[in-house]
Amino acid sequence: MDYSRKISERQWNLPEKGELESRREATYIDDIIQKDHIQRKLLENLDGIKTVFDGGAGSGRFSILLAKHGCRVTHFDISQPMIDKAKELAAREGVLDRITFVKGALEDLGAYRDREFDLVMSFDAPVSYTWPNQNRVIGELVRIAGKRIAVSVSSRLGSLPYLANPIQKNQFFLDEQADDPFVRWCVANRERMIDGFSFSRDAAEKLLYDGLMGGEDEIAQYEQGGTPWCITYAFMPDELERILSACGVKNIRLSGPGAYGRTIPRDILVKIMNDPKQKKDFLDFCYRYDSSPYVCGMGKDNLLATGEV
Ligand SMILES: C[S@@+](CC[C@H](N)C(=O)[O-])C[C@H]1O[C@@H](n2cnc3c(N)ncnc32)[C@H](O)[C@@H]1O
């Protein structure tokens, strides 16, 4: 009962999470691309947006951005350590007075009125961690939105390549010598991951069929006091569109941040990132390519949807 929420809360309460999350763009190229894409999408559509709800706002990548652009933001998250990190960063950016920090679970948004916020947003999969309540949570996010909604969730088609490539993340290390614990672990275990790998068609077919990553094993680990990764529901593009449409969202646009970047080997990506002119041109082009609905499912991790209510 309620295992997804409890597992997610324990995972995101790990004390170092806030600091690691806030350093993502300094460590991983796919995170640079994803953040750039979402940021552009938000800033292009800020007309008439004064109040914002950010659900699963983490260390404040987007809540702080919109506060800096003059919005009043409710930064809502299940994890107090993540909120504490966001507060520290908001203070550094001089926008503490424009952000209200609330600790809570997306599964319970009953405290908020219909259409209370001009823009409701939730990025980088918090909705996917609310399985089996993800459809109801989307409905609640739409309910409290007055003008616009923007959500990014785990992408099923985008997650499937991980099942055939245990070293996919290595492609996106900005610096292989970085002092990040996950980078260190991936570099040290690269050969072992390849040697120990064998493709499981059953696992791929299962994920394609039910969209669920995690389950019984994670529950057992949690019960033994462990900190497994969140049980995650990954959406198909047409499914997400259908759910939003059924909630009354209009002008739905889907995109797949990272779809272009994931086709490029690491050596080339690093070269592009280390040249400011190429980096700018590349990110401009990624935004255009990844905004095509034809590639939205292949976003690196995430499927992004925006729309009007
Ligand atoms: C990958 S982080 C994304 C943070 C932020 N949206 C961003 O894009 O930088 C996921 C966040 O969702 C939060 N979260 C996970 N499950 C949640 C739930 N059921 N209710 C509210 N927040 C949740 C976590 O604490 C974490 O801060």
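**Notebook: helix α6, the ligand and the whole chain**

I began with helix α6 and found its buried residues to be M82, I83, K85, A86 and A90. I count a residue as buried if 20 or more other C-beta atoms lie within 10 Å of its own, as exposed if 12 or fewer do, and as partly exposed in between, with C-beta atoms placed from the backbone. These buried residues cover an arc of only 160° around the axis, which puts them on the same side of α6. The arc is that of the directions from the helix axis to the C-beta atoms.

A note on the source: this is a predicted model, where local features need pLDDT of at least 70, side-chain atom pairs count only at pLDDT 80 or more, and totals for chains, interfaces and linings use all residues. Residues are numbered from 1 along each chain as its sequence is written.

Next I looked up the other face of α6. Turned away from the buried side, it carries the exposed residues A91 and R92.

What covers the buried residues of α6? I found that the cover includes α1 (3-12), α2 (17-22), α5 (63-68), β2 (72-77) and β3 (99-103). Contact here means that the C-beta atoms of two residues, placed from the backbone, lie within 7 Å. Helices (H or I, at least four residues) and strands (E, at least two) are DSSP runs, numbered from the N terminus.

I then checked the span of α6, residues 80-92: its 13 residues reach 18 Å from first C-alpha to last, close to the 18 Å expected at 1.5 Å a residue. The expected span is 1.5 Å times one less than the number of residues. Just after α6, I noted that G94 takes a positive phi of about 75°.

On to the ligand. I listed 21 residues around it, of which W12, G56, G58, R61 and D124 come nearest; to be listed, a residue needs its C-beta atom, placed from the backbone, within 6 Å. Helix α1 gives the most to this shell, with three residues.

For a second helix I chose α7 (residues 134-143), where Q134, V137, I138, E140, L141 and V142 are buried. Their cover includes β1 (51-55), β4 (117-122), β5 (145-154), β7 (232-233) and α13 (237-246).

Last, I stepped back to the whole chain. Buried residues make up 43% of its 309 residues. Of the contacts with a separation of 6 or more, 77% join residues 24 or more positions apart. The C-alpha atoms fill a box of roughly 55 × 50 × 40 Å, taken along the principal axes.
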